[in-house]
Structure formats: structure tokens, C-alpha cells
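Work through the exercises below with the model open. Try each task before reading its solution.

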Amino acid sequence: MQEIKNLSLKNIESFFIENKEKAFRAKQVYEWLWQKHASSFDEMTNISKEIRSLLKQNFSLSQIKIKNLQKSSDKTIKTAFELSDGNIIEGVLIPAQNRATACISSQVGCKLGCKFCATGHLGYTRNLTVAEIYDQVVIIKQQAEESDLHFSNIVLMGMGEPLLNYDNVMSAIKLITSKQGLAMSNSRITLSTSGINKMIKKLADDNVRFNLAVSLHSANNDKRSQLMPVNKTNPLNELAQALKYFNEKTQSRITFEYLLIKDINDGMNDAKELAIFCKNVPCKINIIEYNPIDSNSFKRSTKEKTDAFVNYLENKNIIVNIRRSRGKDIDAACGQLANKN
Ligand code: SAH
Ligand code: SF4
């Protein structure tokens, strides 16, 4: 049976017209799906029993389910969601003062195999549907409200490479930002990519309004290829071209994410190469604390080396933020999402 959440409003309208029902019913159904978060057709109480059973005969209506919930001492909440086919993905609520950010997944696993990333070591199972992406936001938003936090931002930094699930990610963001969905502002959404250059250019051509972050982690081509195999087919010089193109079209500043891994990419020469790479495009750098994972022996950089690295960049007038990890005690921090349960 077809999943009703895979249908657009127009598709549902056509279905009603074909079945000799009024087209305006489609809008009501759509509202139940995307604004009232119905988990069954029976909840759609302003729709007649006959129409509800017509829907039941033709469509399935699935919801992601909370499989497990872990709360960190710093109030970060990591949720394992079970999908209708039994696969598990993870999403995280990250509180900051009285605000909350949702970190959501775009794929089950990831095929890109970055050496430092727990998800990368899982391998790839499948893309998430539009509804599976959207519903993570809905549930994390509810969690925020239950904790009296103002739900403010979304980052696509959970499991998976969002630009390898381009169409569904774009449709989910459209719904999240539309009045028929959650009416959030594009400026509150950040998509993080490992750097799929063709797709970065497509984002530019599609004139997106959300923020773009790029997981850089090294500005040395050979080193980056070792850490991130995706760099072999998307080398740094082409990444720079794609980002310039993105910036010209959208006028928006790129955020580079840079993990500091001890004795791997935290030296002065690494900082120098990074500063040079930053000249390609208006940008800022988020330095991310490395979170150890089970499948490698990488260690977090030391405080001294981190300070020296940041100082070097700041002296080059580059905007640098240091991102301390949240939810470490429950493996909810960046790169640690790997379905340990
Ligand atoms: N695939 C996309 C988005 C998901 S990864 C991407 O790579 O950008 C989200 C972020 O977590 C990336 O910046 C990634 O580099 C970072 N990350 C991966 N492993 C990590 C680890 N062990 N510690 C800290 N951050 C990590
Ligand atoms: Fe995939 Fe991103 Fe992890 Fe790399 S860092 S393996 S691209 S999820």
C-alpha cells in the first residue's frame, strides 16, 4: 500500500477527485498529516467515516516511533527512532540557555566512511523519506516544549549525508519552512555536508535560503582524503570552486566544521593550510571537540594545541567558534550516533 505521507497536496486532491469526493478534503487531510501530526486516519475527526475508510483502503499512514530515550546530565536528549521497516535512526535535542536545537538524521547510516565518525563505520542502509526527516523535528520540538525550551534551530548533522538524499531533504525543509508545515525560518536551519561538490552547486542553482556548513577537518588534500574518502572524488580545489559558486548565488557565508584530532590535524601547519583555504570564500570556522568513538584510536587534541590553533586563525582575522560537545555521557555528541542500543 502506498504511504500517504509520500503524496503532495496536489496528489491527494487528485485522489479525491478520482474518487468523486470534494477536492477541499485534501487540505484537511494534509493538515492532519503535517500540522496535527495524526498517527492514524481515525484521528481525522472532521472527516467523515466513509472518507476515512476510503483512505484506509488505499493508503498506509506511518509514524516514526520513539524506541529509546536518553537524557544527559547537561539536559541533552538523544532519541532513537524506529522506522516502519524496523531500522533505527537517532536525533538529538541540544539545549542552550532557554533555547533548543534539533540535530536530525537524513539517512540510515552513511556510505562515506569518514574515519573519525561512528555513523561512517556503520555503513549505509537507505535514505530517509520526507516524513521520516520531518517527524524527527516534530518529536524533538515536542520534547523541547515539554522542557520549557523555545524550539529555535535545526541542524542536519545527525546520521547520513544530506546531499546524497537531496530530493527528500529539500522537500522536508520546504515543509518545515512552509505555512502548511512548521513555518520555521530558513535562517534557523543548517545543512552540514561532507562536501559533495555537484550537489553544492545544485543547492546554489536552487537558490536555497538555509545555512550551509561543510565538514572540512583538513585543508590538505592528501590528509583530507585519508580522513574522508569522499575527498578523493571531491578534491579541495573543486570544493573551493563549488563553494565560491554557492556564495556568489546565495550571498551567504559558509561555516567550516573542523574537528581537532590529536597529532592528526591539529598542528601549526594544519592551521596555516586552513587559513589559506579560508581565503576562497566568505566563511567562519567552528572548531569541534573530537568525541572518541570505539572504532578507531583517534584522540582529542590538547588544550594547548587547541588554543594555539585558534589563536593562529584569529590572528588571521578569521571568525572562529569553539564548539564544546554536549551529551557526551550518552554518546549523543557529534559523530557518536551509531545505534549503540
Ligand atoms: N554527513 C554530514 C552531516 C552529518 S556529520 C557531514 O559530514 O557534514 C555531522 C558532523 O559531525 C560533521 O561535521 C562531522 O564531521 C562531525 N563528526 C563526525 N564524527 C565526529 C566525532 N567523532 N567527533 C566530533 N564530531 C564528529
Ligand atoms: Fe557520513 Fe558525515 Fe559521518 Fe562522514 S562525517 S561518515 S559524511 S555522517
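**Exercise 1.** In which loop is D263 found? Then decide whether D263 is buried or exposed.

*Solution.* The model is predicted. Start with position: D263 sits in the loop between β12 (254-260) and α11 (268-278). Next, the backbone: D263 is not a glycine, yet its phi is positive, about 60°. Last, accessibility: the relative value for D263 is 55%. The cut-off for exposed is over 50%, so D263 counts as exposed.

**Exercise 2.** Place Q97 and classify its accessibility.

*Solution.* Q97 belongs to the loop between β5 (88-96) and β6 (99-103). Its phi is positive, about 50°, although Q97 is not a glycine. Relative accessible area is 74%. Exposed means over 50%, so Q97 is exposed.

**Exercise 3.** Why does the second largest pocket lie between domain 1 (2-60) and domain 2 (65-330)?

*Solution.* Take the volume: about 270 Å³. Then the lining: 14 residues, of which S8, Y30, V130, S171 and L175 are the closest to the centre. Sort the lining by class: five nonpolar, seven polar and two charged residues. Now the elements: α2 (24-34) and α6 (166-177) each supply at least two lining residues. The largest share, four residues, comes from α6. Finally, the domains: both give residues to the lining, so the pocket lies between them.

**Exercise 4.** Which residues surround ligand 2? How many of each class are in the shell?

*Solution.* List the shell: C110, L112, G113, C114, F116, C117, G120, G160 and S194. Sort by class: five are nonpolar, four are polar, and none is charged.

Technical notes:
Residues are numbered from 1 along each chain as its sequence is written. Chains are lettered from A and ligands numbered from 1 in the order in which they are written. This is a predicted model: local features need pLDDT of at least 70, side-chain atom pairs count only at pLDDT 80 or more; totals for chains, interfaces and linings use all residues. Side-chain values use heavy atoms; hydrogens and water are left out. On a 1 Å grid over the protein atoms alone, a cavity is a set of points where a 1.4 Å probe fits but cannot get out, and a pocket is an open set with protein on both sides within 12 Å along at least five of seven lines; lining residues have an atom within 4 Å of a point. Grid points are joined across faces, edges and corners, and a volume is the space filled by probe spheres set on the points. Ala, Val, Leu, Ile, Met, Phe, Trp, Tyr, Cys and Pro count as nonpolar, Asp, Glu, Lys and Arg as charged, and the others, Gly among them, as polar. Domain bounds come from an automatic or database domain assignment. A residue is near a molecule or strand if one of its heavy atoms lies within 4 Å of it. Buried means under 20% relative accessible area, exposed over 50%, partly exposed in between (1.4 Å probe, protein chains only).
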